[in-house]
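The following exchange concerns how certain structural terms are justified. Please consult the sequence and the model as each term is discussed.

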Amino acid sequence: MPESYTLLIIPKEKSSAKKVALPGRIITSFLVLFGVITLSFMYVVYDYINIKRSNTELARLKILTKEQGSMIDGLTARVEGFASRIESLNQFERKIRIMANIERSPNKQQLLGVGGPMPEEARAKAKHEGEKKALIADLHQEIDQLAREAEIREKSLAEVLEYFREQKSIKASTPSLWPVMGWVTSEYGQRNSPFTGEREFHAGIDIATRMGKPIIAPADGLVTEVGFRQDFGNLVKIDHGHGYSTLYGHLLRPQVKEGGTIKRGQVLGYVGNSGQSTGPHLHYAVFRQGAAVNPRKYLN
């Protein structure tokens, strides 16, 4: 290494150049100091950039952690609420089935191993261990499981609802009202004919009452016949559905037309004395699947 360095200074104006002699040790020390300062500055800048980046990432993670915590709390509340509602539906369905004596279909799908929301200690442990993503995935899985059970409950309750609709339809179609109030002068079954005195089968009941008294339909139905027969005189026949039909004979006059519909309690005609009759009365007959049955079985 040279012992000294000569520094040549040349001014802008026209003048003689100046020479400055510098010892080699000073130049070397200066270069080393400059290098150390430069490296230190570069390290500080690098460290500052890393700290800035770490702070930004930390802030992002804090926001993400807060959002995940809110999401977990929200999902947990939804799972608990959903599970509680489904359990209430299950209990409600069981009570209805017991009251209505409805058995569950043998092939009805049942959920196996349906769990409730994750216990509080498990959630706390997951939070502390940084397993929020796995916890959120588990909660979503529980929600999907509960949604599947809700679909099954919906189908099951629809089955119960359909049963009650059918029962309501059957009840509305069952001739359970007295078509007219009066005195039963002839019961259903074997009797002596009031005209020949011989034994005969009477396929209905005779209800004696005053002439012209309104006759009401004991159930909803379709008027299938309005006409006159020698034995029954003026008559009306109604098909109530579900295998039930009724016949009304000896009317003074019908109040309905063939092919029309009639509602339970609606007037269908008036008591008369037409056809083979000994006095004002109504011949009332009930048929089940086309065969005559005792009307008293259905009268309230």
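The questions below treat an exposed residue, a surface patch and the pairing of one strand in this predicted model.

Q: Why is F41 called exposed?
A: The relative accessible area of F41 is 58%, and exposed means over 50%; F41 therefore meets the criterion. This residue lies in helix α1, which covers residues 24-100.

Q: What makes L39, F41, M42, V45, Y48 and I49 a nonpolar patch?
A: A patch of this kind joins nonpolar side chains within 5 Å, each residue having over 30% relative accessible area and no salt bridge. L39, F41, M42, V45, Y48 and I49 form such a patch on the surface, with about 650 Å² of accessible area together. For F41, the value of 58% is set against the cut-off of over 30%, so the area criterion is met.

Q: Why is strand β13 described as mostly covered?
A: Buried means under 20% relative accessible area. In β13 (residues 281-288), 7 of the 8 residues are buried.

Q: How do you know that β13 pairs with strands β6, β10 and β14?
A: Pairing requires at least two bridges between two strands. β13 has 4 bridges with β6 (residues 205-208), 6 with β10 (residues 244-254) and 3 with β14 (residues 291-293); each pairing therefore qualifies. The sense is antiparallel with β6, with β10 and with β14.

Q: Which residues stand opposite V286 and R288?
A: T246 stands opposite V286 of β13, while R288 faces A291 in β14.

Terms used:
Residues numbered from 1 in each chain as written. Predicted model: local features only at pLDDT ≥ 70, side-chain atom pairs only at ≥ 80, totals over all residues. Heavy atoms only, no water. Patch = residues over 30% accessible without salt bridge, like charges linked within 9 Å, V, L, I, M, F, W, Y side chains within 5 Å. Areas by Shrake-Rupley, 256 points an atom, 1.4 Å probe, with all protein chains shown as cover. Salt bridge = Lys/Arg side-chain N within 4 Å of Asp/Glu carboxyl O. Helix = DSSP H or I, 4+ residues; strand = E, 2+ residues; numbered from the N terminus. Buried < 20%, exposed > 50% of the residue type's maximum accessible area, 1.4 Å probe, protein only.
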